[in-house]
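Colleague: Please pick a single part of this model and go through it closely, beginning with how the parts are named. I would like to follow each step with the structure open in front of me.

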Amino acid sequence: MTDPVAAAPDRGGPTAAAAGPEAARTLLRALEVRGWTVAAAESLTGGLVAATLVEVPGASRTVRGAVVAYATDLKSSVLGVDDELLARRGPVDPDVAAGMAAGVCACLGADVGLATTGVAGPDSQGGASPGTVHVAVRTPRGTQVRSLHLPGDRAAVRSGAVAAVIALAIESLGAHPSA
């Protein structure tokens with residue numbers, strides 16, 4: 001990656017303020033103020049990030065779209081994630097998340113890319129245990145990645161990944177939920 005990538009520490013999950021429609025509203029407001037658009041590249045969340053964003057009235061002013069690249073080969077063929085990286089580390093990897101975020105920006109012409117990859121469970125995948133999640137946000141200023149281990153069942157992990165990527169996007173933009 002040519003972008004600076006900052007890996008945030010595992011904080012055990014997204015903050016409470018990041019969960020729910022208010023966080024999505026905060027993110028979309030921050031994007032609109034900047035005149036930026038957003039797109040999502042989703043694996044384990046299977047479209048939940050996009051669904052959360054478009055629940056906000058007026059989302060069409062900033063949301064470009066989403067790519068659900070659930071299969072590993074789509075991460076490469078559609079989003080442009082490096083084949084060698086996928087072969088070496090598999091799809092559940094922080095650099096894959098960063099590549100997905102960059103790829104969805106290029107693919108859908110967005111200023112900001114959100115990406116989720118991980119294992120929702122109940123089984124492990126490629127040596128990664130259920131609850132292993134990597135989220136990434138690419139902005140014109142660079143890329144940030146956060147790696148987490150989220151507790152709970154499949155639904156809880158997927159929901160937590162959505163909250164985590166939206167929280168990371170809000171942090172990346174320097175927006176505040178109360179703003």
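Modeller: Helices and strands here are DSSP runs, a helix having at least four residues and a strand at least two, and they are numbered from the N terminus. With those names, Pro122 can be placed in the loop between β4 (112-118) and β5. The model is predicted.

A short overview comes before the close look. The chain holds six helices and six strands. Read from the N terminus, the order of the elements is β-α-β-α-β-α-α-α-β-β-β-α. Of the 179 residues, 51% are buried. Among contacts in the chain with a separation of 6 or more, 69% join residues 24 or more positions apart.

The part to look at is helix α6, residues 154-173. A first check is its length: 20 residues at 1.5 Å a residue should span 28 Å, and the C-alpha atoms at the two ends are 29 Å apart, which agrees. Next, how much of the helix is covered? A residue counts as buried when its relative accessible area is under 20%. In α6, 14 of the 20 residues are buried, so the helix is largely enclosed by the rest of the structure. Just after α6 comes Gly174, with a positive phi of about 75°.

Val162 is one residue of α6. Its relative accessible area is 7%, so Val162 is buried. Apart from neighbours within four places in sequence, Val162 is in contact with Thr45, Leu48, Val49 and Thr52. One of these, Val49, is 113 residues from Val162 in sequence, yet the two C-alpha atoms are 5.4 Å apart in space.

Another partner of α6 is helix α1, residues 21-34. The two helices pack at an angle of about 35°, with 9 Å between their axes, and α1 passes α6 in a left-handed crossing. On the α1 side, the contact is made by Ala23, Ala24, Thr26, Leu27, Ala30, Leu31 and Arg34. On the α6 side, Ile166, Ala169, Ile170 and Leu173 take part. Sorted by class, the contact has nine nonpolar residues, one polar and one charged.

The partner can be checked in the way used for α6. The 14 residues of α1 reach 20 Å from the first C-alpha to the last, close to the 20 Å expected at 1.5 Å a residue. Its buried residues are Ala23, Ala24, Thr26, Leu27, Leu28, Ala30 and Leu31. They pack against α6, and also against β2 (38-42), α2 (48-54), β3 (63-68) and β4. After α1 comes Gly35, whose phi is positive, near 75°.

To finish, return to the loop where Pro122 sits, between β4 and β5. Gly121 and Pro122 are joined by a cis peptide bond, with omega about 10°. Strand β5 covers residues 132-139 and includes Thr132. Thr132 has 14% relative accessibility, so it counts as buried. The side chain of Thr132 reaches the backbone oxygen of Ser129 at 2.8 Å. Leaving out neighbours within four places in sequence, Thr132 is in contact with Val92, Thr117, Gly118, Val119, Leu148 and His149.

Note on methods. Residues are numbered from 1 along each chain as its sequence is written. This is a predicted model: local features need pLDDT of at least 70, side-chain atom pairs count only at pLDDT 80 or more; totals for chains, interfaces and linings use all residues. Side-chain values use heavy atoms; hydrogens and water are left out. Buried means under 20% relative accessible area, exposed over 50%, partly exposed in between (1.4 Å probe, protein chains only). A polar contact is a pair of N or O atoms within 3.5 Å; within protein, one must be able to donate a hydrogen and the other to accept it, and residues adjacent in sequence count only if both atoms are side-chain atoms. Contact means heavy atoms within 4.5 Å. The expected span of a helix is 1.5 Å times one less than its number of residues. Axes are lines fitted to C-alpha atoms, for helices over the stretch in contact, and angles run from 0 to 180 degrees between N-to-C directions. A crossing is left-handed if the near helix is turned anticlockwise from the far one by less than a right angle, and right-handed if clockwise. Ala, Val, Leu, Ile, Met, Phe, Trp, Tyr, Cys and Pro count as nonpolar, Asp, Glu, Lys and Arg as charged, and the others, Gly among them, as polar.
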